[in-house]
Amino acid sequence: MTIDQLRDALLLATLPNVTFDGWSLQALRDGADQAGLDSTALLRAFPDGVADAVAHFSAWTDAETLARLDAQPLDALKVREKIALAVRTHFEVLEPHREAKRRQLSYLAMPQNVGLGLKLLYATVDSLWFAAGDTATDYNHYTKRALLAAVVSSATFYWLDDQSDDHAETWAFVDRRLANVMSVGKATSSLGKLGALLSHLPSPVRFARQIRQRSGSTGIDATTLNRTEAV
């Protein structure tokens, strides 16, 4: 078993436990037991414990999203359609693990973990742009990822509490946010519009406050979020 296979096996065995025990060493130990692995294997897979497991949950989600998108006829779609499909696929991968995602956000809300949260968010949006065929290496590379980070971070909280059929309200929310940030992205071709871009960036302080306010809730009203879409 390769190290990646070991991490995947431990993660998938642990995810059901996270619903009850949160992202904790107890959840990881129970996951190892259920996967038929010992403490040595757990230490080999996640030497930094919970932080490594949390990070691998995001990496696993990104890899699964890319695998699903590989099977889609992306070449026939426009850029905005590719990104919308990529974001939707990201949440579809997470759907069986909604509570684990909610608990992950609570973990990342801790002051010492905010930097990790931003790093994981960047990795996710980078993979989504990669799936959409983005090859930019100049200023646009970072602009696109910053704007998509605003969409993904706000849509995550919306999706976690969306009770609509087939998450229809979440997909509509994503479409509106993409329309908004892409118009901002075009505006930033003029340096005089840079402030419009900066207002969309998920700063560490805003990111932590957003998680703390929403990750522990169990009934965020979608209508309320609809009135406060700006991140």
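## A buried arginine and its partner

Arg102 is buried, at 11% relative accessible area. This comes from a predicted model. What does the side chain of Arg102 meet in a salt bridge? The partner is Asp161, at 3.6 Å from N to O. The two residues sit in distant parts of the chain, 59 residues apart. Arg102 belongs to helix H6, which covers residues 98-108. Asp161 lies in the loop between H8 and H9.

Is Asp161 buried or exposed? Asp161 has a relative accessibility of 7%, so this residue counts as buried. The cut-off for buried is under 20%. Both ends of this bridge fall below that value: Arg102 at 11% and Asp161 at 7%.

## The chain as a whole

The protein chain has 12 helices and 0 strands. Read from the N terminus, its elements are α-α-α-α-α-α-α-α-α-α-α-α. The chain holds 231 residues, and 49% of them are buried.

How do contacts spread along the sequence? Take the contacts between residues at least 6 apart. Of these, 70% join residues at least 24 apart.

## The nonpolar core

In soluble globular proteins, nonpolar side chains tend to be buried together. Here the largest nonpolar core has 54 residues. Which members touch the most other members? They are Leu10, Trp23, Phe57, Val87 and Leu148. Helix H8, residues 139-160, supplies the largest share of this core, with 10 residues.

Val87 shows some of these contacts in detail. Leaving aside residues up to four places away in sequence, Val87 touches Leu128, Leu148, Val152 and Val174. Leu148 thus appears twice: as a contact of Val87 and among the core members that touch the most others.

## More salt bridges

Side chains of opposite charge can pair when their charged atoms come close. The whole structure contains 8 salt bridges. One of them joins the side chains of Asp166 and Arg88, at 3.3 Å from N to O. Asp166 is in the loop between H8 and helix H9 (168-187), and Arg88 is in helix H5 (residues 79-94), so the bridge ties together parts 78 residues apart in sequence. Asp166 is exposed, with a relative accessible area of 57%. Arg88 is partly exposed, at 27% relative accessibility.

Another bridge joins the side chains of Asp126 and Arg145, at 2.6 Å from N to O. Asp126 lies in helix H7 (residues 114-131) and Arg145 in helix H8, so this pair ties together parts 19 residues apart in sequence. How accessible is each partner? Asp126 counts as partly exposed, at 27% relative accessibility. Arg145 is buried, with a relative accessible area of 4%. The pair also belongs to a network: salt bridges with shared partners join Asp126, Asp134, Lys144 and Arg145.

## Helix H1 and its neighbours

Helix H1 covers residues 3-21 and includes Thr14. Is Thr14 buried or exposed? Thr14 has a relative accessible area of 1%, which makes this residue buried. Its contacts include Ala27, Leu28 and Gly31, with residues up to four places away in sequence not counted.

H1 also meets H6, the helix of Arg102. The axes of H1 and H6 come within 8 Å and cross at roughly 60 degrees. The two helices are therefore oblique to each other. The crossing of H1 and H6 is left-handed. On the H1 side, Leu15, Val18, Thr19, Phe20 and Asp21 make the contact. On the H6 side, Glu99, Ala100 and Arg103 do so.

## Where H4 meets H5

Helix H4 spans residues 50-70. Its axis and that of H5 come within 9 Å and cross at roughly 125 degrees. At what angle do helices stop counting as oblique and become roughly antiparallel? The cut-off is over 145 degrees. H4 and H5 are therefore oblique to each other. Their crossing is right-handed.

Which residues make this contact? H4 brings Phe57, Trp60, Thr61, Glu64, Thr65, Arg68 and Leu69. H5 brings Leu85, Ala86, Thr89, His90, Glu92, Val93 and Leu94. Phe57 has a second role, as one of the core members that touch the most other members. H5 also carries Arg88, the salt-bridge partner of Asp166.

How values were computed
Residues numbered from 1 in each chain as written. Predicted model: local features only at pLDDT ≥ 70, side-chain atom pairs only at ≥ 80, totals over all residues. Heavy atoms only, no water. Core = buried A, V, L, I, M, F, W, Y, C linked by side-chain atoms within 4.5 Å. Buried < 20%, exposed > 50% of the residue type's maximum accessible area, 1.4 Å probe, protein only. Helix = DSSP H or I, 4+ residues; strand = E, 2+ residues; numbered from the N terminus. Contact = heavy atoms within 4.5 Å. Salt bridge = Lys/Arg side-chain N within 4 Å of Asp/Glu carboxyl O. Axes fitted to C-alpha atoms, helices over the stretch in contact; angles between N-to-C directions. Parallel < 35°, antiparallel > 145°, perpendicular 65-115°, else oblique. Left-handed = near helix turned anticlockwise from the far one by under 90°.
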